[in-house]
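User: Could you take me through how the features of a model like this one should be read, giving the general idea before the particular case?

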Amino acid sequence: MTVAEISLLGGRKVSTPTGLFIDGQWVAAEDGATFETLNPATGEKLLDISAAGPADVDKAVKAARKAFETTWGRNVAPAERAALLYKLADLMERDAQVLGELESIDSGKGMRIARDFDIGDSVGCLRYYAGWADKVHGTTIDATGKSKMIYTVQDPIGVCGQIIPWNYPIMWAWKVGPALAAGCTVVMKPSELTPLTALALCNLAKEAGIPDGVINTLPGLGPVAGAAISEHMDIDKIAFTGSVITGRRIMAAAANSNLKKVTLELGGKSPNIIFSSADLEQAVAWSAMAVYYNSGQDCCAGTRLFVEESVYDKFMPLLIKAAESCAIGDPWDEKTSFGPLISAAQRDKVLNYIQSGIDEGAKVATGGKKWGEKGFYVQPTILTETNASMKCVREEIFGPVLVVSKFKTEEEIIEIANDSIYGLGAAVFTGDAKQSMRVSGALKSGTVWVNQYGILHSSVPFGGYKQSGIGRELGAHGLNEYTITKAVHHNISEEMAWPV
C-alpha cells in the first residue's frame with residue numbers, strides 16, 4: 001500500500017501517501033520495510049509509512065540524474081522553471097487547510113500556526129525563489145583588454161540530497177525552492193517522525209507539472225536512508241537541517257564519498273539580552289515568543305535570557321505571567337499555539353534537562369513538569385539562578401525551557417553571550433541606538449535581532465557561526481548554495497609561440 005486514509009478535523013477522511021515517491025510514481029520500499037508515525041498530542045498511532053533503504057536511494061538518484069540531464073537543469077528555460085514553482089505555490093495555498101491539519105496531527109503544533117505561519121511562509125518562499133529562476137547569471141571580467149573575453153556561468157550543481165527536520169517539516173520549501181530555481185533535482189528525506197506533508201507535496205508537484213524525477217521523496221530512518229543519501233557517489237550536494245551530531249556524520253560521509261558540497265543548519269543556544277533602557281513589556285512578549293514558539297522546538301530559540309540587574313525584579317514577574325499564559329492545548333483548537341513535543345523521548349529528554357538544572361542549583365520559577373493526561377506535553381518552564389557552568393545553560397534542550405540570569409555591564413554580557421559553541425541566533429533589547437549597534441556588531445551569531453526575536457523572511461539569509469552550521473539558506477545566498485561557478489576564457493587575439 002502506498003496510500004491510506006487519515007482522519008482530520010471534524011472526522012473527515014482524506015487520502016494521504018504512505019509510500020516512496022520515485023520518478024513521479026508511488027512505490028513501496030524494495031524490501032517492504034515500514035515504520036509507524038504517532039500523533040504527539042495523543043501518543044496514538046497514525047499510519048505505517050514505507051521506509052526507504054539503500055536500493056531505493058539508488059533508484060531515486062538515478063531518476064534525479066536522468067531528469068537533470070534531460071528534462072530539467074540547463075535543458076529547461078528559467079522562465080519555465082519559475083512558472084512551475086509559481087504553480088506549485090498556488091496549489092499549496094489552495095490546499096493550506098489540509099496541509100495545515102496534516103502538519104498539526106503529524107508534528108503536534110497548533111493547526112492555526114501550521115496553516116497560517118509555516119505553510120504561509122513556505123508558499124512565500126516558493127514564490128520568492130520562482131522570481132529568482134531567471135536571474136541567475138554570471139559576470140564578464142575584463143582582465144586582458146581586447147585579447148580575450150572572459151566570463152563566468154552559474155551552473156546548477158546537479159542532484160541534491162536534502163534532509164529536513166521534524167520541527168518544521170514544511171520548511172521543505174526552504175530547500176526545494178532554491179534547488180529547483182537553480183535547475184537542480186532533488187532526493188528528499190523527511191524526518192521519520194513527520195513525513196506526511198513532504199509526501200503530500202509530491203502530489204502537488206506532479207499536479208503543477210514538474211517533470212518526473214525532479215523531486216523524489218524517500219521517507220526512512222536516518223541511519224539507513226539518510227546515511228545512504230550522505231554517502232552516495234552520484235549525489236552532488238547535500239543540505240541538512242538538524243543536530244550537530246548528525247551534521248558531523250553527514251559531513252564525514254560527504255568527505256569520505258565523493259566530496260559532495262555540504263550545507264548544514266544545526267543547533268543553537270541563542271542569547272537574548274535585555275538592557276535596562278528596553279521597553280520591558282515588549283521585551284517580555286518577544287522573549288516569550290523566542291522560547292515558547294513551536295513549544296521551544298526551534299534551532300534559533302532564545303533560550304538563554306540575560307536581564308540587566310537593575311530591572312531584573314521588575315522584568316521577571318512579567319515574564320512568569322507571560323509563560324503561564326501560553327495558549328497550550330489541543331493542536332486543532334484555533335486558539336492553541338503551544339502544542340506537545342514531538343515524542344515521548346523528546347519530552348523525557350527535556351524533563352531530564354530541567355531536573356539537571358535543579359540538581360545544579362537552578363530554581364524553577366514556573367513550569368517544570370508534564371502537562372495534561374495524554375500526549376507529550378511539557379509546561380512552559382523558567383529556570384532562574386542559573387550560571388554558565390550548568391548543563392541546562394550550555395547544551396541545547398530543544399524544548400520550552402528558558403534559563404535566566406542577571407548581568408551588570410555591557411562588556412560583561414557580550415563575553416557571556418558569546419561563550420557558546422553555537423552561533424545561530426541572538427537578540428538585544430535596548431532603547432539606546434548606539435548600544436544596539438555596538439552589541440549587535442559584537443555578537444557572534446548568524447542572525448541578530450534588535451528589539452524583536454525570531455522573525456525571518458525568504459529574502460534574508462539564515463545560518464550560523466561556529467557549530468551552528470555551514471553555508472546559508474534563504475535569500476540570494478541560499479540560491480548560490482545550489483550553483484557552481486564555471487569560468488570561460490575566449491581567446492580573441494593571443495597567439496602561442498612554440499616551444500615556450
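Analyst: The turns below go through a sheet, its helices, a hairpin, the cavities and some backbone details.

User: What should I keep in mind about the model and its numbering before we begin?

Analyst: This is a predicted model, in which local features need pLDDT of at least 70 and side-chain atom pairs count only at pLDDT 80 or more, while totals for chains, interfaces and linings use all residues. Residues are numbered from 1 along each chain as its sequence is written, and side-chain values use heavy atoms, with hydrogens and water left out.

User: How many strands form the open sheet, and in what order do they come?

Analyst: Strands (E, at least two residues) and helices (H or I, at least four) are DSSP runs numbered from the N terminus, and two strands pair if DSSP finds at least two bridges between them. Here seven strands form an open sheet with mixed pairing, in the order β16-β17-β18-β15-β14-β20-β21. At its edges are β16 (363–366) and β21 (447–450), each of which pairs on one side only. Axes are lines fitted to C-alpha atoms, for helices over the stretch in contact, and angles run from 0 to 180 degrees between N-to-C directions; the twist from one strand to the next averages 25°. Within the sheet, β14 (residues 271–274) and β15 (residues 304–308) are paired in the parallel sense over four bridges, and P271 stands opposite R304 in β15.

User: Which strands does helix α10 touch, and which does helix α14 lie across?

Analyst: Contact means heavy atoms within 4.5 Å. Helix α10 (residues 309–324) packs on the sheet and touches β14, β15, β16, β17 (381–384) and β18 (401–407), with its direction at about 140° to that of β15. Helix α14 (residues 433–442) lies across β14, β20 (425–429) and β21, and runs at about 165° to β21.

User: How should I read the pairing of β7 with β8, and what joins β8 to β24?

Analyst: Strand β7 (residues 140–141) and strand β8 (residues 148–156) pair in the antiparallel sense over two bridges, with T140 opposite Y151 in β8. The hairpin that they form has six residues between the strands, and G145 takes a positive phi near 70° in it. Strand β8 also runs antiparallel to β24, to which nine bridges join it; D155 stands opposite I484 in β24.

User: How many cavities of 30 Å³ or more does the structure hold, and what lines the largest cavity?

Analyst: On a 1 Å grid over the protein atoms alone, a cavity is a set of points where a 1.4 Å probe fits but cannot get out, and lining residues have an atom within 4 Å of a point. Grid points are joined across faces, edges and corners, and a volume is the space filled by probe spheres set on the points. The structure holds six cavities of 30 Å³ or more, and the largest has a volume of about 90 Å³. Its lining has 14 residues, of which G108, K109, N294, S295 and Q297 are the closest to the centre. For the classes, Ala, Val, Leu, Ile, Met, Phe, Trp, Tyr, Cys and Pro count as nonpolar, Asp, Glu, Lys and Arg as charged, and the others, Gly among them, as polar; the lining of the largest cavity divides into four nonpolar, nine polar and one charged.

User: Which residues lie nearest the centre of the second largest cavity?

Analyst: The second largest cavity, with a volume of about 70 Å³, is lined by 17 residues, and P271, A417, Y422, G423 and K444 lie nearest its centre. Strands β19 (422–423) and β20 each supply at least two residues of this lining, which by class has six nonpolar, seven polar and four charged residues.

User: Are S295 and K466, with their positive phi values, buried or partly exposed?

Analyst: Buried means under 20% relative accessible area, exposed over 50%, and partly exposed in between (1.4 Å probe, protein chains only). S295, in the loop between α9 (280–292) and β15, has a phi near 60°, a positive value in a residue other than glycine, and S295 is buried at a relative accessible area of 2%. K466, in strand β22 (residues 465–466), has a positive phi of about 50° although it is not a glycine, and K466 counts as partly exposed at 39% relative accessibility.

User: Where is the cis peptide bond?

Analyst: The peptide bond from W498 to P499 is cis, with omega near 0°, and P499 lies in the segment after β24 (483–491).

Methods: 1 Å grid on protein atoms, 1.4 Å probe; cavity = no way out; pocket = protein on both sides within 12 Å on 5 of 7 lines; lining within 4 Å.
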